[in-house]
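Me: I've got a model open and I'd like to check the labels on it. Can you walk me through the reasoning behind them?

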Amino acid sequence: MNIRFRAPRAALAVACSALLLAACGGQQADTAATGDQAAPAATGEVNLYTTREPGLIQPLLDAFTAESGIKVNTVLLKDGLVERLGAEGERSVADVLMTVDTGNLLDVVEAGHTQALQSEVLEAAIPQHLRGADGQWFALSLRDRVLYADKDLDLESFTYEELSDPKWKGRVCIRSGQHPYNTSLFAAMIAHHGAEYTEQWLRGVKANLARKAAGGDRDVARDILAGICDIGIANAYYVGRMKNAEPGSEQHQWGEAIKVIRPSFNVEGGGTHVNISGAALAAHAPNRDNAVALMEYLVSDEAQSLYARANYEYPVKAGVELDPVVASFGELHADPLPLGEVVANRREASAIADKVGFDN
Ligand SMILES: [Fe+2]
């Protein structure tokens with residue numbers, strides 16, 4: 001991680017008092033070495049706080065720097081972003097905040113660590129239901145939650161509601177009902193059909209499970225290959241990772257055992273459930289103009305394609321070049337449900353999964 005803040009020492013002290021001591025240690029050392037400790041917010045730089053693996057986004061940031069001349073200082077926060085920003089307060093040097101999962105992003109918004117941004121570039125690139133109405137947050141990529149099916153299964157389309165159909169008894173694999181990926185899906189089901197329907201649906205899904213709801217998303221493909229189940233729900237990007245894995249490796253074999261069907265909700269205009277990775281302008285952004293430049297760069301055709309292909313995610317902007325494996329799944333029609341509604345139902349979704357003993 002390359003961190004070279006030119007921020008007041010007080011801000012660094014606050015930042016380092018809370019979390020990531022190792023990263024802050026490097027930061028202080030760099031600052032001291034360059035003798036910039038009393039400098040005001042610098043021009044030509046932007047500070048990015050991110051929960052994403054640096055390896056995934058570094059090529060993108062390098063391309064931004066090459067194009068704009070603006071240097072990006074990244075601070076990786078595996079978790080504790082809200083706490084970190086809370087501890088830093090008004091002295092935070094964060095300009096852009098980048099997270100995975102709608103809930104994580106909206107937690108940061110709700111805690112007051114973002115500011116509204118009106119940008120024609122962002123608004124033109126990102127569909128309305130995939131950004132905050134007030135410009136407090138923006139999706140950058142989509143993480144669609146899809147059906148993995150035995151590649152030989154005679155099945156062309158699927159709805160999430162069908163998962164509870166008794167014809168799938170003993171044939172479904174899925175991870176824990178309390179994992180955020182599933183909580184988000186169940187929350188969307190509540191938004192579409194209500195809590196009562198969702199409880200009955202989850203009881204039906206539970207009754208169809210071939211094994212305990214546990215493990216990870218890739219285990220669905222593993223268990224389809226092993227003949228334990230025929231279908232399951234998991235994120236599409238894992239298929240990109242599996243199918244692009246070393247031929248002959250276990251992962252590659254799992255990936256080759258399945259096909260992907262993008263389900264939709266069985267409602268008028270319903271689409272495929274998506275989670276997101278996204279970004280927001282930090283509340284106190286000392287390098288505001290550079291922050292906006294970075295965020296707008298992230299929705300350029302070049303950046304969208306690079307970013308989505310690095311993770312096998314789906315670009316939020318239409319018409320951008322896809323990873324070939326992702327392209328083979330066909331076009332994504334993301335469910336138009338506003339993501340804020342999904343987040344609002346998270347708690348209830350978790351309670352219902354608990355009530356029906358989904359993980360037992
Ligand atoms: Fe994941």
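Reply: Sure. Of the 360 residues in the protein chain, buried ones make up 47%. Keep in mind that this is a predicted model. The chain has 16 helices and 10 strands.

Me: Let's take one residue. Why is asparagine 104 called buried?

Reply: Count the C-beta atoms around it. The cut-off for buried is 20 or more other C-beta atoms within 10 Å. Asparagine 104 has 20 within that distance, so it counts as buried. It lies in helix α5, residues 102-110.

Me: What is asparagine 104 in contact with, leaving aside neighbours within four places in sequence?

Reply: Thr51 and Thr99. A contact needs C-beta atoms within 7 Å, and those two residues meet that for asparagine 104. As for aspartate 79, it is 25 residues from asparagine 104 in sequence, with 9.5 Å from C-alpha to C-alpha.

Me: What makes strand β3 largely enclosed?

Reply: Five of its five residues, 96-100, are buried, so the rest of the structure largely encloses it. Look at the two sides: Val96, Met98 and Val100 are buried on one, Leu97 and Thr99 on the other. That split fits a general pattern. Side chains in a regular strand alternate between the two faces of the sheet.

Me: How do you know which strands pair with β3, and in what sense?

Reply: Pairing takes at least two bridges between the strands. β1 (residues 45-50) shares three bridges with β3, in the parallel sense. β9 (residues 274-282) shares five with β3, in the antiparallel sense. Both counts reach the cut-off, so both are pairs. Valine 96 in β3 stands opposite leucine 48, and it also stands opposite leucine 281 in β9.

Me: Which residues have the most contacts inside the largest nonpolar core?

Reply: Val96, Leu97, Tyr148 and Met295, in a core of 101 residues. Strand β5 (residues 138-150) gives the largest share, eight residues. The core also draws at least three residues from each of domain 1 (9-141 + 275-323) and domain 2 (143-271 + 333-355).

Me: What does tyrosine 148 touch, once sequence neighbours within four places are left aside?

Reply: Tyrosine 148 is in contact with Val220, Ala221, Ile224, Ile231, Gly232, Ala234, Ile258 and Val260.

Me: Why is helix α9 called largely enclosed?

Reply: Seven of its eight residues (218-225) are buried, so the surrounding structure largely encloses the helix. The buried ones are Arg218, Asp219, Val220, Ala221, Arg222, Asp223 and Ile224. They pack against elements including β5, β7 (231-235), α10 (237-243) and β8 (258-261). After α9 comes glycine 227, with a positive phi near 80°.

Me: And α13: how do you know where its buried residues point?

Reply: Start with the list: in α13 (residues 301-311), Ala303, Gln304, Tyr307, Ala308 and Asn311 are buried. Seen down the helix axis, they fall within an arc of 115°, so they line one face of the helix. The spacing rule is general: an α-helix has 3.6 residues a turn, so residues three or four places apart point the same way. Among the elements covering those buried residues of α13 are α3 (54-68), β5 and α12 (288-297). Tyrosine 312 follows α13, and its phi is positive, near 60°.

Me: One last number: what share of contacts in the chain join residues at least 24 apart in sequence?

Reply: 78%, among contacts between residues at least 6 apart.

Methods:
Residues are numbered from 1 along each chain as its sequence is written. This is a predicted model: local features need pLDDT of at least 70, side-chain atom pairs count only at pLDDT 80 or more; totals for chains, interfaces and linings use all residues. A residue is buried if 20 or more other C-beta atoms lie within 10 Å of its own, exposed if 12 or fewer, and partly exposed in between; C-beta atoms are placed from the backbone. Helices (H or I, at least four residues) and strands (E, at least two) are DSSP runs, numbered from the N terminus. A nonpolar core is a set of buried Ala, Val, Leu, Ile, Met, Phe, Trp, Tyr and Cys residues joined through C-beta atoms within 7 Å. Domain bounds come from an automatic or database domain assignment. The arc is that of the directions from the helix axis to the C-beta atoms.
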